[in-house]
Amino acid sequence: MSGCGCLARGSFKSSKTSLSCGSSAILNGDPDKSVKVNGPVDCLGEVIIDFVPVASGVSLAEAQAFKKAAGGAPANVAVGISRLGGSSAFISKVGDDEFGHMLANILKENKVDISGMRFDPDARTGLAFVTLTKDGERVFLFFRNPSADMLLHEAELDVGLIKKASIFHYGSISLIDEPCRSAHLAAMKIAKNSGCLLSYDPNLRLALWPSEESARDGIMSVWAQADFIKISTEEITFLTEGEDPNDDNVVREKLFHPNLKLLLVSEGDFNGQVPSVKVNCVDATGAGDGFVAGILNILASNLDLYKDEQRLREALRFANACGALAVTERGAIPALPTRERVLQILPKVITSKNL
């Protein structure tokens, strides 16, 4: 891969009633001509059942009822891409149980290629109870002891499916335990060797890691291999052990690497560099995944987009709208928008004074 890239900053700003998104980019370098175009986006990682309280601002013990929804960041991205009209595939393992087959059917109904999914008769599909605070932010309680997605083996990978992809997307949760970690690393190697661009969203869930040190080491262990990375300001603070996440020099010096083509930073506070979209915030689950789906869907058909600042800004506006719409319903996958919904909301983009 060539040593070119860009740094982009983006944000998701949430309040009690609204959510805004924005991004800006600094570009340099030339595209890598060796990568594939027009292949699907393969997503590897967890797919789980989220149980979300129907009432916001209550603890799990206080909740009277929950809405059941498909979730798991890589699965959300796969569905998000497909709903936008793109081509995606999902690689994971679920339990050979009702929840596992329900998840597979949801992905299939959303036109995601599930030929890379496996069913384990000896492990259960992962579950997560998600407490929503009054402003729609989340607190997770996971049930993985172990869940089936943690037990994916390298021998179970669909090598042909991986080789067909143009972009290979993943998170960090599949790096926590064996045998899934080895399967994840093997899949990355296959993808890289076949000309795929690698997309990484760490999606830190600290409660799932044995310690903060293991989380930091595990997330950074595959950092230098990625071509695209989306990271939040909270994750920057964690990975840099307390450095200022709003300081571009910190990001460049500690997180940017020579082979990285695009680094997107989602910020908690937004002062506006690319127009933002305001919507009613019901549940922030899946906001980042909707954003990632939006940008990867565009990149999959135009892998040198990051080289052109104006076109990248337009793509980020579109992705911002995807992320915003993803918070308008409870649950991640149910709220992921179609291309038509995104195009409807784009005229409502608020132009920043700093644009």
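Cys 180 is buried, as its relative accessible area is 5%. Cys 196 is buried as well, with a relative accessibility of 0%. Both values come from a predicted model, and here they are side by side:

| Residue | Relative accessible area |
|---|---|
| Cys 180 | 5% |
| Cys 196 | 0% |

Why do these two residues count as buried? The label applies to anything under 20% relative accessible area, so Cys 180 at 5% qualifies, and so does Cys 196 at 0%. A disulfide is a covalent bond between the sulfur atoms of two cysteines. With a cut-off of 2.5 Å between the sulfur atoms, the count of disulfides is 0.

Let us step back to the protein chain. It has 355 residues, and 59% of them count as buried. The accessible surface comes to about 14100 Å², with 49% of that belonging to carbon and sulfur atoms. The chain holds 10 helices and 13 strands. Among contacts with a separation of 6 or more, 77% are between residues 24 or more positions apart.

One sheet is a good place to look next. It is an open sheet of 4 strands in the order β5-β4-β8-β9, and its pairing is mixed. At the edges sit β5 (66-71) and β9 (138-143), each pairing on one side only. On average, neighbouring strands here are turned by 25 degrees against each other, direction ignored.

Inside this sheet, β4 (residues 48-53) and β8 (residues 127-132) run parallel and are joined by 3 bridges. Phe 51 stands opposite Phe 129 of β8. Helix α2 (residues 98-109) lies across β4, β5 and β8, and runs at about 95 degrees to β4.

How values were computed. Residues numbered from 1 in each chain as written. Predicted model: local features only at pLDDT ≥ 70, side-chain atom pairs only at ≥ 80, totals over all residues. Heavy atoms only, no water. Buried < 20%, exposed > 50% of the residue type's maximum accessible area, 1.4 Å probe, protein only. Helix = DSSP H or I, 4+ residues; strand = E, 2+ residues; numbered from the N terminus. Contact = heavy atoms within 4.5 Å. Areas by Shrake-Rupley, 256 points an atom, 1.4 Å probe, with all protein chains shown as cover. Pairing = 2+ DSSP bridges. Axes fitted to C-alpha atoms, helices over the stretch in contact; angles between N-to-C directions.
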